[in-house]
Amino acid sequence: RTLSDLAATAAVPSAVTLAVRAPASWSEEDLRQVILGARAAAVAHGAELVAGDLSQAPGPAGLTVSALGSLEGGGLPVGRDRALRGQAVVVTGPLGGSLASGRHLRPVPRLPEGRALVRAGATAMMDVSDGLALDLFRMARASGVAIEVEASAVPVHPDAERAAAVDGRPALAHAFLDGEDHELLACLPEEKLGTDGVAPWSRIGVVTEGSGLW
């Protein structure tokens, strides 16, 4: 989840730190497994667990993770506040149903996709963690623009279809509202879509003059 935030800056991960606040009931082996698990997750994405802290305290366990990385070519990272009028709005994958399926416990940071989006000219980017609708609204507000979304273009995850069959809500509502998808949401020039070397991201809307999400 922390590396997904790094992916939204188009950074190359290099290091991860871990602080563990453990209850007295935890054994040394419990601590060892948490640390080894964090290191394995970091190494799987090209980083290393380099530092941290252990403490004991009453109450539930708490884990604090930070990730460090570097930008290709230096400069400033993209942010959620630089969407420009006329740009296309894209997401890197299907959305919805992550909580009902348990997929939210196995996030996959879209690190290569983040770097590819910036190389294609993305000026604004964030990961979809609080729900597509809320994150689109936040991007529009931070950038001082409006974002118009074509609902039928939003890619719906099979998990959203399964959740809809259980609770009766539309699968598209799950795609817009569930969150914890950890796909990337980005704004980039229309002309970059479909060009050589640019992945087939789902174009779901456009940045326009005005404010808010439409």
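Select strand β1, residues 11–22, together with β3, residues 62–71, and you will see two strands of this predicted model that pair in the antiparallel sense over ten bridges. To look at one of these bridges, pick valine 12, whose partner in β3 is serine 70.

Now add β2, residues 48–56, to the selection, and the picture becomes an open sheet of three strands in the order β2-β1-β3, with mixed pairing. Because β2 and β3 each have a single partner strand, they stand at the edges, and one side of each is left without a neighbour in the sheet. If you turn the view, notice that neighbouring strands here are turned by 15° against each other on average, when direction is ignored.

Next, select helix α2, which packs on this sheet and touches β1, β2 and β3, while its direction makes about 155° with that of β2. The helix covers residues 28–44, and its 17 residues reach 24 Å from the first C-alpha to the last, close to the 24 Å expected at 1.5 Å a residue. After α2 comes glycine 46, which has a positive phi, near 85°.

From here, move to the other sheet, which is open, has six strands in the order β5-β7-β4-β8-β6-β9, and shows mixed pairing. Its edge strands are β5, at 124–127, and β9, at 212–213, and each of them pairs on one side only. Then select helix α4, residues 111–119, which packs on the sheet and touches β4, β5 and β7, with its direction at about 10° to that of β7.

Within this sheet, choose β6 (residues 146–149) and β8 (residues 202–208), which run antiparallel and are joined by four bridges. One residue to click on is valine 149, for which the bridge partner in β8 is glycine 205.

For the last stop, show the side chains of Val89, Leu132, Leu136, Met139, Ile147, Val154 and Leu185, which touch the most other members of the largest nonpolar core, a set of 22 residues. The elements that give two or more residues to this core are β4, β5, α5, β6, α7, β7 and β8, and α5 gives the most, with five residues. Centre the view on methionine 139 and, leaving aside its neighbours within four places in sequence, you will find it in contact with Arg80, Ala83, Ala124, Met125, Met126, Ile147, Leu185 and Cys187. Apart from this core lies another, of 14 residues, and you can begin to trace it by selecting some of its members, among them Ala7, Ala8, Ala10 and Leu184.

Note on methods: Residues numbered from 1 in each chain as written. Predicted model: local features only at pLDDT ≥ 70, side-chain atom pairs only at ≥ 80, totals over all residues. Heavy atoms only, no water. Pairing = 2+ DSSP bridges. Contact = heavy atoms within 4.5 Å. Axes fitted to C-alpha atoms, helices over the stretch in contact; angles between N-to-C directions. Core = buried A, V, L, I, M, F, W, Y, C linked by side-chain atoms within 4.5 Å. Buried < 20%, exposed > 50% of the residue type's maximum accessible area, 1.4 Å probe, protein only. Expected span 1.5 Å × (residues − 1).
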